[in-house]
Amino acid sequence: MRTTRQRTAVLNALHRRADFTSAQELHEALEADGITIGLTTVYRTLHALDRSGQVDVVRERSGERLYRPRPADGHRHYLVCRDCGLSTEVEAGVVERWAEKVAEATGFAEVEHTVELTGVCDRCRRARPGSPALTDRHA
């Protein structure tokens with residue numbers, strides 16, 4: 001993948017984000033930093049980064065794709081809060097082994113997979129009306 005000013009700016013902005021982010025949020029952050037870049041260019045760049053394996057992608061409940069830089073040692077699986085977007089990496093070795101076995105059994109190569117886990121984090125769950133206090137759960 002060719003390095004361009006826009007790709008560098010998008011990657012740098014992604015690395016500054018603490019969690020998964022949408023193309024629109026990333027575009028707003030770039031504009032706030034004084035970087036002139038079109039929203040379409042941000043989408044195209046994120047798509048190219050996804051194809052080249054440089055970002056992990058999850059989908060929000062609405063279907064919007066959210067992006068995060070992929071660690072150098074490979075893709076990860078995450079549990080994402082549907083309310084606040086908090087993401088937690090989860091161990092998914094069993095998924096990786098299953099995908100490898102399916103590839104071997106079918107004769108396919110370059111098999112890719114997507115596993116999306118969503119839920120409601122403890123903080124958001126406790127903030128909901130009628131939720132028991134944290135101390136009530138341990139009583």
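## Exercises on two sheets and a helix

Strands S4 (residues 77-81) and S5 run antiparallel and pair through four bridges. Here a strand is a DSSP E run of at least two residues, a helix an H or I run of at least four, both numbered from the N terminus, and two strands pair when DSSP finds at least two bridges between them. The model is predicted, so local features need pLDDT of at least 70 and side-chain atom pairs 80 or more, while totals for chains, interfaces and linings use all residues. Residues are numbered from 1 along each chain as its sequence is written, and side-chain values use heavy atoms, without hydrogens and water.

**Exercise 1.** Place S4 and S5 in their sheet, and state which strands form the edges.

Solution.
- Start from one facing pair: Leu79 is opposite Thr88 in S5.
- Next, read the order of the open sheet, which has three strands: S5-S4-S6, with mixed pairing.
- The edges are then S5 (87-90) and S6 (117-119), each of which pairs on one side only.

**Exercise 2.** Work out how S1, S2 and S3 are arranged.

Solution.
- Strands of a sheet pair through backbone hydrogen bonds, either parallel or antiparallel.
- Take S1 (residues 21-22) and S3 (residues 65-69): two bridges join them, and they run antiparallel.
- In S3, Thr21 has Tyr67 as its bridge partner, and Ser22 stands opposite Leu66.
- Then take S2 (residues 55-59), which pairs with S3 over five bridges, again antiparallel.
- The bridge partner of Val58 in S3 is Leu66, the residue that also stands opposite Ser22.
- Put together, the strands make an open antiparallel sheet in the order S1-S3-S2, with S1 and S2 as the edge strands.
- Finally, look at the hairpin of S2 and S3: five residues lie between the strands, and Gly63 has a positive phi near 100°.

**Exercise 3.** Is Asp56 buried or exposed, and which side chain does its own side chain meet in a polar contact?

Solution.
- Locate Asp56 first: the residue belongs to strand S2.
- Its relative accessibility is 3%, so Asp56 counts as buried. The limits are under 20% relative accessible area for buried and over 50% for exposed, with partly exposed in between (1.4 Å probe, protein chains only).
- The side chain of Asp56 makes a polar contact of 2.7 Å with that of Arg70. Such a contact joins N or O atoms within 3.5 Å, one able to donate a hydrogen and the other to accept it; sequence neighbours count only through side-chain atoms on both sides.
- Beyond four places away in sequence, the residues that Asp56 touches (heavy atoms within 4.5 Å) include Phe20, Leu66, Tyr67, His75 and Tyr78.

**Exercise 4.** Find which residues of helix H3 are buried, and what covers them.

Solution.
- H3 (residues 39-51) packs on the sheet and touches S2 and S3.
- Its buried residues are Thr41, Val42, Thr45, Leu46, Ala48 and Leu49.
- An α-helix has 3.6 residues a turn, so residues three or four places apart point the same way.
- The buried residues cover an arc of only 160° around the axis, so they lie on the same side of H3; the arc is taken from the directions from the helix axis to the C-beta atoms.
- On the other side, Thr40, Arg44 and Arg51 are exposed.
- The cover over the buried residues of H3 includes helix H1 (5-16), helix H2 (23-32), S2 and S3.
- After H3 comes Gly53, with a positive phi near 80°.

Note on methods: Axes are lines fitted to C-alpha atoms, for helices over the stretch in contact, and angles run from 0 to 180 degrees between N-to-C directions.
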